[in-house]
Amino acid sequence: MITVHHLNNSRSQRILWLLEELELPYEIKHYQRNAQTMLAPPELKAVHPLGKSPVITDGALTLAETGAIIEYLSDTYGQGRLRPAPGTPEALRCTYWLHYAEGSAMPPLLLKLIFDRMDQEKVPFFVKPILRMITSKAKGGFIEPQIKLHLDYIEAELAETGWFAGPEMSIADIQMSFPLEAAAARGGLDASRPALFRFLQTIHARPAYRRALEKGGQYDFA
Ligand SMILES: N[C@@H](CCC(=O)N[C@@H](CS)C(=O)NCC(=O)O)C(=O)O
């Protein structure tokens with residue numbers, strides 16, 4: 001039996017969505033973030049040394065890293081569903097976006113989250129202006145332009161078919177959903193980028209996506 005070690009409000013939501021799309025049997029073990037630090041609870045380290053989510057167990061296998069889990073589930077149980085035919089340009093695009101999501105799209109979004117949190121830190125009043133100077137320099141000089149660069153690029157890539165790897169939905173779309181959800185919540189993604197906005201609306205309407213949210217809990221990027 002596949003077990004998803006699922007942290008609330010996390011990347012792990014994508015694994016639930018994939019399993020729902022493939023209609024595979026699985027169970028969820030729930031973990032709650034620490035409300036202050038937002039870190040995963042220590043129990044998750046008993047499953048995988050990094051203690052991050054998602055992690056799955058399947059028989060003797062323990063596997064972390066969303067992209068690897070998605071590929072494993074697709075290779076092992078997918079029977080070619082949600083996957084462009086091997087050896088095609090679409091298959092290579094699919095691989096590209098599977099890596100791009102965590103390797104390129106997430107880092108500036110994560111930096112935005114960290115620097116926004118620093119702005120909200122309770123610090124002595126005389127430190128506040130200095131902290132603000134540092135965070136606004138980092139955000140304005142690097143983080144926000146980087147997020148814009150990526151969103152403009154993704155918007156252009158998505159405009160042709162509405163999906164990331166060819167004319168149909170694939171595992172690349174599932175993997176890319178998390179950076180786009182995060183960008184919509186905190187990275188300035190809105191209806192001014194119509195292809196990305198439509199993508200989010202389309203996936204939100206999918207029954208499997210909704211079932212995954214019912215089982216895993218809503219995203220809360222606040
Ligand atoms: N690149 C990894 C990132 C894993 C990761 O950072 N997960 C976050 C959840 S979105 C987490 O577990 N955070 C809690 C913590 O670091 O304690 C993946 O895609 O699986």
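User: Which helix does His 150 lie in?
Analyst: This is a predicted model, so local features need pLDDT of at least 70 and side-chain atom pairs pLDDT 80 or more, while totals for chains, interfaces and linings use all residues. Residues are numbered from 1 along each chain as its sequence is written, and side-chain values use heavy atoms, with hydrogens and water left out. Helices (H or I, at least four residues) and strands (E, at least two) are DSSP runs numbered from the N terminus. On that numbering, His 150 sits in helix H4.

User: Is His 150 buried or exposed?
Analyst: Buried means under 20% relative accessible area, exposed means over 50%, and partly exposed is in between (1.4 Å probe, protein chains only). His 150 has a relative accessible area of 16%, so it counts as buried.

User: Which residues is His 150 in contact with, leaving aside its neighbours within four places in sequence?
Analyst: Contact here means heavy atoms within 4.5 Å. With those sequence neighbours set aside, the partners of His 150 are Tyr 100, Ser 104 and Pro 108.

User: Okay, on to salt bridges. Which residue does Lys 139 form a salt bridge with?
Analyst: For a salt bridge, a side-chain nitrogen of Lys or Arg must be within 4 Å of a carboxyl oxygen of Asp or Glu. Lys 139, buried with a relative accessible area of 11%, is in helix H4, and its partner is in helix H3, 23 residues apart. The closest N and O atoms are 2.6 Å apart, and that partner is Asp 116.

User: Which residues are joined with Lys 139 and Asp 116 into one network?
Analyst: Some salt bridges share partners, and that sharing makes the network. Besides Lys 139 and Asp 116, the members are Lys 112, Asp 119 and Arg 132.

User: Glu 102 meets the side chain of Arg 14 too. How far apart in sequence are the parts this pair ties together?
Analyst: The two side chains meet in a salt bridge of 2.7 Å, N to O. Arg 14 is buried, at a relative accessible area of 0%. Arg 14 lies in helix H1 and Glu 102 in helix H3, so the distance along the sequence is 88 residues.

User: And where does Arg 11 lie, which pairs with Glu 102?
Analyst: Arg 11 and Glu 102 form a salt bridge, with the closest N and O atoms 3.0 Å apart. Glu 102 is in helix H3 (residues 89–120), and the pair ties together parts that are 91 residues apart in sequence, because Arg 11 lies in the loop between S1 and H1.

User: How many salt bridges does a search of the whole structure find?
Analyst: The pairs of Glu 102 with Arg 11 and with Arg 14 have come up already. Over the whole structure, the count is 14.

User: Now the sheet. Which strands stand at its edges?
Analyst: Two strands pair if DSSP finds at least two bridges between them. Four strands form an open, mixed sheet in the order S2-S1-S3-S4. Each edge strand has a single partner, so one side of it is left without a neighbour in the sheet; the edge strands are S2 (26–31) and S4 (61–64).

User: Do S1 and S3 run parallel or antiparallel?
Analyst: Strand S1 (residues 2–7) has His 5, which stands opposite Val 55 in S3. Four bridges join S1 to S3 (residues 55–58), and their directions are antiparallel.
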